[in-house]
Amino acid sequence: MAWSAEQYVKFEDERTRPARDLLAQVPLASVARAYDLGCGPGNSTELIAARFGAANVTGLDSDDNMLTAARKRLSGTQFLKADLNSWVPEEPADLLYANAVFQWVPDHIAVLARLMNHLAPGGVLAVQMPDNLSEPSHTLMEETGAAGPWKAAFEGGRVRRPVLPPPAAYFDRLMPKAARVDVWHTVYYHPLGDAPAIVEWVKATGLRPYLDAAGPAHAEAFAADYTARIAKAYPPMADGRVLLRFPRFFIIAVKA
């Protein structure tokens, strides 16, 4: 699946708000080694660097396009290519921070539990993940996939990633390694210009694998069908804009 830093930052202010809210809950006064896991184009890394110093932060991502954008944005910060399924820091970290990445990692609870082993005592694992697969923005991707000449590519629902496990599952896996675990949901309401703006938002993330599966011959028609469904599901408000509801799940785990 191809990622686009340019597409991602079209809604940078809205995407950075949960990153900022996650960082605000990190109970650390200083760090020597912080890692931004799945750093994308560096918008979240920039927040960490501003708080803890650019030289103390390393950004990690598996996508070359995102890493190029991040390095251009923050020349004083190190960025490395890495696979979060297997990566661990060379030395114990003070902060492992992950904004909107682990929802893409299979069995991510096991990965998070492993990463807890690589925190220094008192170190923090801070994670935010979208929890919006039940929202129309995502259920309508499935409807569109089953509705057109491209539907054979979507048989079995292979494109849709799994829903997040229940909050208790994170407590069960992380608490044996932690002095404290906090989890919570925040629902964001983003006013956007119109229904096509919602489509532009998800083109950078959730819609990307659907367009890839539809293939070049059908991608444009798939997007048009999906946009029509979005327009019905998100009617305009009094000022003409639409309101995108976006639930997100947060975790703060402090190493024992």
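I began at proline 235, which is exposed, with a relative accessible area of 53% (exposed means over 50% relative accessible area, buried under 20%, and partly exposed in between, with a 1.4 Å probe and protein chains only). I was working on a predicted model, in which local features need pLDDT of at least 70, side-chain atom pairs count only at pLDDT 80 or more, and totals for chains, interfaces and linings use all residues. Residues are numbered from 1 along each chain as its sequence is written, and side-chain values use heavy atoms, with hydrogens and water left out.

**Entry: proline 235**

I located proline 235 in the loop between α10 (219-233) and β7 (242-255). Helices (H or I, at least four residues) and strands (E, at least two) are DSSP runs, numbered from the N terminus. I then looked up its distance to aspartate 194: the two are 8.7 Å apart in space, C-alpha to C-alpha, and 41 residues apart in sequence.

**Entry: the annotated domain**

I consulted the UniProt record, an unreviewed entry, which places the feature "domain: Methyltransferase" at residues 36-123. UniProt positions are given in the numbering used here, feature names are shortened, and annotations may be inferred rather than shown by experiment. In the model, residues 36-123 are 33% helix and 26% strand, and the end C-alpha atoms of the span lie 14 Å apart.

**Entry: helix α4**

Which residues of helix α4 are buried? I found Met66, Leu67 and Ala70 in that class, within a helix that runs over residues 64-73. They lie on the same side of α4 because they cover an arc of only 95 degrees around the axis; the arc is that of the directions from the helix axis to the C-beta atoms. On the face turned away from the buried side of α4, I noted the exposed residues Thr68 and Lys72.

At the start of α4, I recorded a polar contact: a side-chain oxygen of aspartate 63 comes to within 3.0 Å of the backbone nitrogen of asparagine 65. A polar contact is a pair of N or O atoms within 3.5 Å; within protein, one must be able to donate a hydrogen and the other to accept it, and residues adjacent in sequence count only if both atoms are side-chain atoms.

Arginine 71 also lies in helix α4. I entered arginine 71 as partly exposed, at 40% relative accessibility. Between arginine 71 and phenylalanine 249 I read 28 Å in space, C-alpha to C-alpha, and 178 residues in sequence.

**Entry: from β4 to α5 and beyond**

I next followed the loop between β4 (93-99) and α5, where alanine 100 is found. Alanine 100 has a positive phi of about 60 degrees although it is not a glycine. Aspartate 107 is placed in the loop between β4 and α5, and has a positive phi of about 50 degrees, although it is not a glycine.

Is aspartate 107 buried or exposed? I found aspartate 107 exposed, with a relative accessible area of 56%. Histidine 108, in helix α5 (residues 108-116), is buried, with a relative accessible area of 7%. A polar atom of the histidine 108 side chain lies 3.2 Å from the backbone oxygen of phenylalanine 102.

Asparagine 117 is found in the loop between α5 and β5 (119-130). I entered asparagine 117 as partly exposed, with a relative accessible area of 44%.

**Entry: the second largest pocket**

I looked up the second largest pocket and found a volume of about 160 Å³. On a 1 Å grid over the protein atoms alone, a pocket is an open set of points with protein on both sides within 12 Å along at least five of seven lines, a cavity is a set where a 1.4 Å probe fits but cannot get out, and lining residues have an atom within 4 Å of a point. A volume is the space filled by probe spheres set on the points, which are joined across faces, edges and corners.

Among the lining residues of this pocket I noted Asp107, His108, Pro162 and Val163. Its lining has 8 nonpolar, 2 polar and 1 charged residues. Ala, Val, Leu, Ile, Met, Phe, Trp, Tyr, Cys and Pro count as nonpolar, Asp, Glu, Lys and Arg as charged, and the others, Gly among them, as polar.

**Entry: cavities**

How many cavities of 30 Å³ or more does the structure hold? I found 2. The largest cavity encloses about 70 Å³ of space, and its lining includes Trp104, Leu133, His138 and Arg161. The second largest cavity holds about 40 Å³, with Gln103, Leu133, Arg161 and Pro162 among its lining residues.
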